[in-house]
Amino acid sequence: MNFTYQSFSNKIYFGEGQLKKINAIVKELGGSQLFVISTNRTKPIVDELVQSIGQKNVFHFSKVVQHVPKDLVQEALTLAKENRSNLIVAIGGGSAIGLAKGMALQNLLPILAVPTTYAGSEMTNMYGISSDGVKTVGRDNLVLPRSVIYDPSLTVGMPLSLAATSSMNAMAHLIEALYAHDSNPITYQMSLTGVRVLKEGMEQLISQKSLINQSGTVGNANTNLQFGSYLAGKALCEVSMSLHHKAAHVLGGSFEMEHGKIHTVLLPYVLDFQLSGLSNAIIGDLQMALNDQSPPNKLRNLAQQMGAAITLQGIGFQEKRMQEAAGIIASMKFPNPVGITEDSIETLLTMAYEGRLH
Ligand code: NAD
């Protein structure tokens, strides 16, 4: 063995009941004046913080907008300064955590992340801020949340449509981590475990049609999906993503496709496209983790059985913009298992539009 592995340090609290430790975690991070980002959906958590820490020590910011607009970051920064905030608590999906990251980049405050989707942003040092329709992305360890609370109670109430696309978003991180050019045995094994655990969670979700067990307790599905998404976020931070993420970024950013939906649709077709560049060992491991001879087909079936759209047509992508999208994706420079050309990307997008695998 001969490899390089870069890990990123933060502290994870995982499992049922961990949310109850939030006061102690806030204290451990030195938080005395909190800037809490949370929509009204998670206001009960904010209310509990107010009760235990005191109204004057908690500032609640409830405006969360997709793609982290620069003006929103500025507004939040001003309020955080006025309130002498010394800890950002971000409760929500990638958009809420993204706002916290946009702030931390400038005011250097630590972040406590409380993720309510499976997108994985809480585990990365990656940020994106948009201005005039352009999203600037980057990496900086300043934005890596110091601590993360994964409690299944946070995700158990999400609509099944969101659970489907958000868990597929996590699956995409894991699949691309397996064939990353800078993969190593640690991220590889972690990602394989993630694929297996997420697949189990998805199958449990499909069979019980709920994130809650029949007994009313937190379901295994939810715990598996949340654990898989943690591993996925970690992999996303530790190795480089390839064609799938570049294409999802282009179609999400410049073609207004919703983040989770575009990841869900693209993943089986991109994996199908990549297969010829993957070693037999990777393909074999993936077949075993997904318990299926055809990983692309299995992923598409899982998405469909969870009720998600599985074609670009199904999520409203305009066919006439195919060539334009292919041109942008093909013009990007990134390592990928298979060489790409504008024509090959256009063929890939056409197959994803029509729902065709090889
Ligand atoms: P999101 O945060 O925009 O949430 C989607 C919708 O679901 C919102 O309306 C939100 O209020 C709602 N929601 C969130 N949790 C819910 C729950 N438990 N129950 C019901 N509704 C819930 O979406 P996302 O998919 O979590 O994140 C997508 C954004 O995050 C994108 O902008 C993407 O670029 C970014 N992202 C960044 C990274 C990174 O490392 N920087 C990683 C992944 C995603």
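**Strand 5 and the second largest pocket**

From strand 5, I111, A113 and P115 point one way, whereas L112 and V114 point the other way, and all of these residues are buried. This description rests on a predicted model. In a regular strand, side chains alternate between the two faces of the sheet. Strand 5 spans residues 111-115 and is mostly covered, with five of its five residues buried; here the cut-off for burial is under 20% relative accessible area.

The pairing of strand 5 involves strand 4 and strand 8. Strand 4 (residues 87-92) runs parallel to strand 5 and is joined to it by five bridges. Within this pairing, I91 has V114 of strand 5 as its bridge partner. Between these two strands the chain passes through helix 4 (residues 94-107), forming a right-handed β-α-β crossover. Strand 8 (residues 147-150) also pairs with strand 5 in the parallel sense, over two bridges. In that pairing, V148 of strand 8 stands opposite A113. Thus V114, with its partner I91, and A113, set opposite V148, point opposite ways from strand 5.

Attention may now turn to the second largest pocket. This pocket holds about 190 Å³ of space. Its lining consists of H67, S130, G133, V134, K135, H249, V250, G253, S254, I328 and M332. Strand 7 (134-139) and helix 8 (243-253) are the elements that contribute two or more residues to this lining. Helix 8 gives the most, with three residues. By residue class, the lining of the pocket comprises four nonpolar, six polar and one charged residue.

Terms used. Residues are numbered from 1 along each chain as its sequence is written. This is a predicted model: local features need pLDDT of at least 70, side-chain atom pairs count only at pLDDT 80 or more; totals for chains, interfaces and linings use all residues. Side-chain values use heavy atoms; hydrogens and water are left out. Buried means under 20% relative accessible area, exposed over 50%, partly exposed in between (1.4 Å probe, protein chains only). Helices (H or I, at least four residues) and strands (E, at least two) are DSSP runs, numbered from the N terminus. Two strands pair if DSSP finds at least two bridges between them. A crossover is right-handed if, with the strands pointing away from the viewer, the path from the first strand over the helix to the second runs clockwise. On a 1 Å grid over the protein atoms alone, a cavity is a set of points where a 1.4 Å probe fits but cannot get out, and a pocket is an open set with protein on both sides within 12 Å along at least five of seven lines; lining residues have an atom within 4 Å of a point. Grid points are joined across faces, edges and corners, and a volume is the space filled by probe spheres set on the points. Ala, Val, Leu, Ile, Met, Phe, Trp, Tyr, Cys and Pro count as nonpolar, Asp, Glu, Lys and Arg as charged, and the others, Gly among them, as polar.
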